[in-house]
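Please open the model in the viewer and keep the sequence panel visible alongside it. The stops below indicate what to select next and what is to be found there.

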Amino acid sequence: MFENLNWWEIGALLLLALLIFGDRLPAVISDGLRMVRNLRTMASNATTDLSRELGTDIQLEDLHPKAFIRKHLLSEEDEQAIRKPLQGVYDNLRADVTGVHDELKDVASAADLRGGGSRSATGTAPTPAPAPRVSYDEAT
């Protein structure tokens, strides 16, 4: 939640909260925590009720439409049939992007934009190993 904040910014936020709420800050924090606990309980009760009504085991993560369709509506064969044409498109697009990337690297090395010396374009530069292929399943 606070990945992009450094310690100074978090300290400034805490100081601002202390200035705004003053000696009521502990009460505000406890009210906020109580609200979060109540929301978790409500979500848990809703998934339990939904599970009981549908007659299947549903977790909170299953309520995302994509995960719900995968788990409850599609069989493994249906999912593979849907993925097969998309996998081909994904592979073609990845090959095109890799080709463009390689061409840009060749142009950059020929123009010697990144290097400081006068390296010739015919010099033997080590070629990097190709990146591992990522399947459509891993990308989604």
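Select Asn 6 together with Trp 8. Asn 6 caps the N-terminal end of α1, and one of its side-chain oxygens lies 3.1 Å from the backbone nitrogen of Trp 8. The model on display is a predicted one.

Extend the selection along helix α1, which covers residues 7-21. How does the span of α1 compare with what its 15 residues should give? The end C-alpha atoms of α1 are 21 Å apart, which agrees with the 21 Å that 15 residues should span at 1.5 Å a residue. Next, select Gly 22, which follows α1 and has a positive phi, near 60 degrees.

**The nonpolar patch**

Select Leu 13, Leu 16, Ile 20, Phe 21 and Val 28 and display their surface. These residues form a nonpolar patch on the surface, and together they have about 410 Å² of accessible area. Which helix supplies the largest share of the nonpolar patch? That share, four residues, comes from helix α1. Val 28, by contrast, is found in helix α2. Val 28 counts as partly exposed because its relative accessible area is 32%, a value that lies between the 20% limit for buried and the 50% limit for exposed.

**Along helix α2**

Now select residues 25-54, which make up helix α2. α2 has 30 residues, and the distance from its first C-alpha to its last is 43 Å, close to the 44 Å expected at 1.5 Å a residue. Colour Leu 25, Thr 47 and Ser 51 separately, as these residues of α2 are buried. Against which element do the buried residues of α2 pack? They pack against α1. Proceed to Gly 55, just after α2, where phi is positive at about 75 degrees.

**Two salt bridges**

A search of the whole structure finds two salt bridges. For one of them, select Asp 31 and Arg 34, and display the side chains. Asp 31 forms a salt bridge with Arg 34, with the closest N and O atoms 2.9 Å apart. Asp 31 and Arg 34 are separated by about one helical turn because they are three residues apart in helix α2. An α-helix has 3.6 residues a turn, so residues three or four places apart point the same way. Asp 31 is partly exposed, with a relative accessible area of 41%, and Arg 34 is also partly exposed, at 43%.

Move along α2 to Asp 49 and Arg 52. Arg 52 forms a salt bridge with Asp 49, and here the closest N and O atoms are 2.4 Å apart. Why are Arg 52 and Asp 49 separated by about one helical turn? The reason is that Arg 52 and Asp 49 are three residues apart in helix α2. Buried, partly exposed or exposed: which describes Arg 52? Arg 52 is exposed, with a relative accessible area of 55%, whereas Asp 49 is partly exposed, with a value of 36%.

**Thr 47 and Glu 61**

Return to Thr 47, which has its place in helix α2. Thr 47 is classed as buried because its relative accessible area is 10%, and the limit for that class is under 20%. Add Ser 44 to the selection: a polar atom of the Thr 47 side chain lies 2.8 Å from the backbone oxygen of Ser 44.

Then select Glu 61, which is found in the loop between α2 and α3 (65-73). Glu 61 is exposed, with a relative accessible area of 59%. The C-alpha atoms of Glu 61 and Thr 47 are separated by 9.8 Å, and the two residues are 14 residues apart along the chain.

**The whole chain**

Finally, clear the selection and view the protein chain in full. How many helices and strands does the protein chain have? There are five helices and zero strands, and from the N terminus on the elements run α-α-α-α-α. Of the 140 residues in the protein chain, 7% are buried. Among the contacts in the protein chain with a separation of 6 or more, 33% involve residues 24 or more positions apart. The protein chain exposes about 12,000 Å², of which carbon and sulfur atoms supply 63%.

Note on methods. Residues numbered from 1 in each chain as written. Predicted model: local features only at pLDDT ≥ 70, side-chain atom pairs only at ≥ 80, totals over all residues. Heavy atoms only, no water. Patch = residues over 30% accessible without salt bridge, like charges linked within 9 Å, V, L, I, M, F, W, Y side chains within 5 Å. Areas by Shrake-Rupley, 256 points an atom, 1.4 Å probe, with all protein chains shown as cover. Salt bridge = Lys/Arg side-chain N within 4 Å of Asp/Glu carboxyl O. Helix = DSSP H or I, 4+ residues; strand = E, 2+ residues; numbered from the N terminus. Buried < 20%, exposed > 50% of the residue type's maximum accessible area, 1.4 Å probe, protein only. Expected span 1.5 Å × (residues − 1). Contact = heavy atoms within 4.5 Å. Polar contact = N/O pair within 3.5 Å; in protein donor to acceptor, adjacent residues only side chain to side chain.
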